[in-house]
Amino acid sequence: MTLFLIFLGALVKSTDSGLSVPDWPTTYGKFMFAYPLNKMAGGIKYEHTHRMLASIIGLLTLMLMFWILRIKKSPVWIKWLGLCAFLTVVLQGVLGGMTVLYFLPVWLSTFHGVLAQTFFLIVIFIAYALSIERHQRWNMEEESYNPRVLRLAVLLMVMIYIQLIIGNIMRHEQAGLAIPDFPTMGWTFFPTFDQAWLNRINTWRFENNLGPVDMGQVMIHLTHRFWALLILLKILWLNNIAYKECLDRPLILKTLYWLNIAVILQITLGISTVLSAKEVYTTTLHVTMGAVVLGLSFLMVLRASPLTWRQFKTVAAKR
């Protein structure tokens, strides 16, 4: 449900429906769940559905927190994790309302988007912490963990998280088509970063009924592409190490297999987003697949890590 909510949030942005419902926490003066369904047309359909699902997930998170707190044998850190999930979803709801009340400022909208991804990670963490798989790993010896794979997995997850921040800034700065071609960049493989190069981009945008962009927006877009290339190289390096040194860890290899597929799909969707001039559902799926890639990279970290913080530090420090 959290992943689907990220999809809906991306759809709200892709359709520019963020201010289709201009008030909060009400919907055109009515209690959210009392708003007539026959009036949910145009952008209201996307924004209002997003709000309703967010409220349902908030309620489920509250129930989850109480359930975790009632488990007497549950470790304290899991109880804190449940509380953190609830506080995060409350903050996310408030930020969502503020983005409407303050007319979608870039920094607030970006924070709202990034926090959604963070909440998704917390949900995955709770699910794994309570899973049978984790319980069955208690008998694993410390020597079974590969320090190189662990460090690479952590670094990869951090890089993907940073990429999602860059992507959020790019979307809310209206820089998604600041470079409208691929694999070239402003119709050249070697950008000159001069006014003539920028004018060529803005000429294309004018011909396609888009407003001009400045060099700052272009640099944000270029940073997103460059960081994506670094992530791809890091994943290739992780594959090289894992398939040599983790053949006895099928869960690591299984997670890496799905992560590879998700990254290939994400790259394809990113290219398609540019070449389709940000077609709504292609762009929305690109954002959603970014969350999937982040979630799988975090699952890789959880499966590559020992079960205690002390062991984690010990293994991560090994050479």
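**Talking through a helical model**

Biologist: What share of the 319 residues in the protein is buried?

Modeller: Buried residues come to 50% of the 319, where buried means under 20% relative accessible area, exposed over 50% and partly exposed in between (1.4 Å probe, protein chains only). Mind that this is a predicted model, where local features need pLDDT of at least 70, side-chain atom pairs count only at pLDDT 80 or more, and totals for chains, interfaces and linings use all residues. Residues are numbered from 1 along each chain as its sequence is written, and side-chain values use heavy atoms, with hydrogens and water left out.

Biologist: How many helices and strands does the protein have?

Modeller: There are 11 helices and 0 strands, counted as DSSP runs numbered from the N terminus (helices: H or I, at least four residues; strands: E, at least two).

Biologist: Why is the protein called as compact as a globular protein of that length?

Modeller: The globule rule is 2.2 Å times the number of residues to the power 0.38, and the radius of gyration is taken over C-alpha atoms. For 319 residues the rule gives 20 Å, and the protein's 22 Å is close to that, so the description holds.

Biologist: What makes helix 4 largely enclosed by the rest of the structure?

Modeller: In helix 4, 17 of the 24 residues are buried, so the rest of the structure largely encloses it.

Biologist: What span is expected for helix 4 (residues 106-129)?

Modeller: Expected span is 1.5 Å times one less than the number of residues. For helix 4 that comes to 34 Å, and its first and last C-alpha atoms are 35 Å apart, which is close.
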